[in-house]
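User: Please take a close look at the interior of this model. I should like to know how any enclosed space is lined, and then how the sheets are put together.

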Amino acid sequence: MTETSPIAVSTSHPKRRIGSPTEVRVRVFSTSLNYANYLQILGKYQEKPPLPFIPGSDFSGVVESVGSGVGKFKVGDRVCSYALPVAFGTSHVALVHRAQLKPGQVLLVLGAAGGVGLSAVQIGKVCGAIVIAAARGPAKVNFLKSLGVDHVVNLSQDGIIESVKQFLKTRKLKGVDVLYDPVGGKLTKESMKLLNWGAHILVIGFASGEVPVIPVNIALVKVTHYRTHCPRVLEDSLNELLSWLAKGLIFLNISHRYTLSEANLAFSAIKEREAIGKVMLVLARAATAKL
């Protein structure tokens, strides 16, 4: 696939049967897309899945069948995982588990209006950090300000170094304690000049399409790795996120909705950086479903 080729929807694949006692099959009503999915379909993602593969990691739907060893779900249960396992899960593990973000520390979030960026901003506020958000365009800047972010850098107008340094000086702060970076490229190099001594750098992704010269791609934070090597950490993380969601401390923002046949438009919104939070694909058969 290329950036200009169309996306075709195929319905010829057979329905997968339950293959083990621990499997659950869900009839998916809708799914949301991440920038990583866009890179995957172009073959540019760091990890290349075997073909054919299905892009999309978050979903909502109804359980159709369960394996004999499954105890948490039953047929007919409604499930919804929008943004929590991928976007919020990534940010929670990175900020709380890896960086151990503390109240009063300075957190700089690049790509702050995207899916993972927006989750990092919210988690930073819950943790009591001083949150600096970087994004492009007035719509994203205004949205971030409405969340109570301490300082927002509009990258379409201001340089990140000058803007953040001025804010730090005003607040009598020494520097950035935690850098949350889903962007990469030139912005990463510039942001590193703002770091405090002993700062944590969280490498989340490379939405700019450029891996920085410093070899940080090996340190890329992925929830999938935790699922394999540290499943208890991921389970504890999701439990805390669900608790925060129930208390209204965090929320899931969906800025764009498309049907499955409009997948091209959905990926275009991601490519053009139009999304604020998540982009959703709604399957036609579930248009009237209440989840």
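Analyst: **Cavities and sheets**

The model holds two cavities of 30 Å³ or more, a cavity being a set of points on a 1 Å grid over the protein atoms alone where a 1.4 Å probe fits but cannot get out. The model is predicted: local features need pLDDT of at least 70, and side-chain atom pairs count only at pLDDT 80 or more, whereas totals for chains, interfaces and linings use all residues. Residues are numbered from 1 along each chain as its sequence is written, and side-chain values use heavy atoms, with hydrogens and water left out.

The largest cavity contains about 60 Å³ of space, a volume being the space filled by probe spheres set on the points, which are joined across faces, edges and corners. It is lined by 12 residues, of which F88, G115, L118, N253 and K278 are the closest to its centre; a lining residue has an atom within 4 Å of a point. Two elements, α2 (84-98) and α3 (115-126), each give two or more residues to this lining, and α3 has the largest share, with four residues. Helices here are DSSP runs of H or I with at least four residues, and strands are runs of E with at least two, numbered from the N terminus. By class, the lining comprises six nonpolar residues, five polar and one charged; Asp, Glu, Lys and Arg count as charged, Ala, Val, Leu, Ile, Met, Phe, Trp, Tyr, Cys and Pro as nonpolar, and the others, Gly among them, as polar. Domain 2 (86-214) and domain 3 (233-282) each supply at least three lining residues, with bounds from an automatic or database domain assignment.

Helix α2 also belongs to the surroundings of a sheet. Five strands form this open, parallel sheet in the order β6-β5-β4-β7-β8, where pairing requires at least two DSSP bridges between two strands. Its edge strands, β6 (151-154) and β8 (195-203), pair on one side only. Neighbouring strands are turned by 20° against each other on average, direction ignored; axes are lines fitted to C-alpha atoms, for helices over the stretch in contact, and angles run from 0 to 180 degrees between N-to-C directions. Strand β5 (residues 130-135) runs parallel to β6 and is joined to it by four bridges, with I132 having H151 of β6 as its bridge partner. Helix α2 packs on this sheet, touching β4 (106-109), β7 (176-181) and β8, at about 155° to the direction of β7; contact means heavy atoms within 4.5 Å. Helix α4 (residues 138-146) touches β5 and β6, and its direction makes about 175° with that of β6.

A further open sheet has five strands in the order β3-β2-β1-β10-β9, with mixed pairing. Here β3 (78-80) and β9 (254-259) are the edge strands, each with a single partner, so one side of each lacks a neighbour in the sheet. Its neighbouring strands are turned by 30° against each other on average, direction ignored. Strand β2 (residues 58-66) runs antiparallel to β3, joined by three bridges; G61 is partnered by V79 of β3, and V62 by R78. Helix α9 (residues 263-271) packs on this sheet and touches β1 (24-33), β9 and β10 (278-282), its direction making about 155° with that of β9. Eight bridges join β1 and β2 in the antiparallel sense, and S30 stands opposite S60 of β2.

Definitions and conventions: 1 Å grid on protein atoms, 1.4 Å probe; cavity = no way out; pocket = protein on both sides within 12 Å on 5 of 7 lines; lining within 4 Å.
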